[in-house]
Amino acid sequence: MKAVLARTVGALSRRTGRGGTSLPGKLLLRMEPRAIARLAAAIPRGSAAISATNGKTTTAAMAASILERDGTRLVSNRTGANMAGGVATALLDARGQGDLGLFEVDEFWLGSVAEQLRPRVLLLANLFRDQLDRYGELETIADRWHEVVATAAPRGTRMVLNADDPLVADLGRDLDDVLYFGVEDRSLALPGLQHAADSKHCRRCGAPYVYDAVLLGHLGHYHCPTGDAARPRPAVAARDVELEGVRAAAFTLVTDAGERRVRLPLPGLYNVYNALGAAALAQALGASLDDVVAGLEAVAPAFGRAETIALGDRELTLLLIKNPAGANEVLRTLLLEPGEHDVFAVLNDNIADGRDISWVWDADFELLAGRIRRFTCSGTRAAELAVRLKYAGVGADRIVVEPDLERGLDRARADGAGRLFALPTYTAMLALRDLLAQRGAARSSWAAPS
């Protein structure tokens, strides 16, 4: 009866256009606090969980593309509703029809969800500074994750960890069975740690890490000078990485089962990391190397994450930004595209975005300043974004401020030709996606996946 009531509420919510991706689960958990444990226990092959600051939704989409190749029916929160309510809703909607659970989980909610889900495999991909008003500093989440690992590993959960993230890799230090992944190609190394790099000191002794290669934010090849910590050797790795602007990336996937060249239809080094995490997770669940490669090469962008939409006579590419590390990788990717760029950025400060927008001052817009033809600023904090761009060196004559999303999109689209790059924060991405759906250019964010 409780499940029927929760499903009915969700159906009504979807019919009224309010989504319903979390509401049924929230209602069910109020009536039955252990509902996730009960529903997850009925999945024949158990579950896997993914958590990270950046890339959870894309990594989950990649893992799903791999795992479904052999006919596996997944129970998954594909819409990205990754708190307890969203996980409960996905389990509720499955009605016992799935073979294997695959859930992305918000980093702050990981402890309570994992305690009930009891995943067979847990992928922890990265920790970056994000939503300081909600999460606090990185160490707060790292301490929570340490508790999760200390509880889950003795129960048989296998850990899949990013060797290149010092905070994440350190979580596996005292475990016997950890599957690490990482990028071995040092040709992509940055000159040094960026000013916005987050994890710079050893959690064991506090000494600053020595980096042999900085690849993305604080991710790279590192060691503690006192000998307390060092980057583990990854069993799943990427070599010979080639980045092809906003279109694609290619790399050689190295695993214990062999090496294969992968052409990923998603851009940026950050998506190479996402692909490695998905490959390692799938390998831990028994997927073949052939399925891993085929799944990665067939993956479609999750909405708002390097998705390209035809918008009249222009193409609109959506690239989600929500913190310094992610924004900087998007900017690095845009640098690979030739010529001057038209950019439509939407900066919101809603609760799901984080009220604190000071992170835009740590995003290196200076990288792109000389390549901007027109930069349209929209969203609740459009004016502050425009100020940031002026300090980055973008000329005032190239900046347009239009807080209203619809009018901002129309101005950005009308003034130019060719590809338009949209850089929205999280709630802005959902609103923009739904605006495009209203105009018939895209599916609704709440539509069930095909």
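**Close-up views of a predicted model**

The side chain of Asn323 reaches the backbone nitrogen of Gly326 at 2.9 Å, in a model that is predicted.

**View 1. Asn323 and its surroundings in the predicted model.** Asn323 is placed in the loop that lies between strand β13 (314-319) and helix α12 (324-335). With a relative accessible area of 1%, Asn323 is buried. Besides reaching Gly326, the side chain of Asn323 is joined to the side chain of Asn54 by a polar contact of 2.8 Å. When neighbours within four places in sequence are left aside, the residues in contact with Asn323 are Thr53, Asn54, Arg129, Asp130 and Trp359.

**View 2. The buried residues of helix α6 (residues 110-117).** Within this helix, Leu110, Val113, Ala114, Gln116 and Leu117 are buried. They cover an arc of only 165° around the axis, and therefore they lie on the same side of α6. An α-helix has 3.6 residues a turn, so residues three or four places apart point the same way. The elements against which the buried residues of α6 pack are α3 (35-41), β1 (47-51), α5 (84-94), β3 (100-104), β4 (121-124) and α8 (138-152). Just after α6, Arg118 takes a positive phi of about 50°.

**View 3. Cys205 and Cys377 in a structure with zero disulfides.** The structure holds zero disulfides, and for Cys205 the nearest cysteine sulfur, that of Cys224, is 3.5 Å away. Because a disulfide is counted here when two cysteine sulfur atoms are within 2.5 Å, Cys205 is in no disulfide. Cys205 counts as partly exposed at 37% relative accessibility, whereas Cys377, with a relative accessible area of 0%, is buried.

Terms used:
Residues numbered from 1 in each chain as written. Predicted model: local features only at pLDDT ≥ 70, side-chain atom pairs only at ≥ 80, totals over all residues. Heavy atoms only, no water. Helix = DSSP H or I, 4+ residues; strand = E, 2+ residues; numbered from the N terminus. Buried < 20%, exposed > 50% of the residue type's maximum accessible area, 1.4 Å probe, protein only. Polar contact = N/O pair within 3.5 Å; in protein donor to acceptor, adjacent residues only side chain to side chain. Contact = heavy atoms within 4.5 Å. Arc of directions from axis to C-beta.
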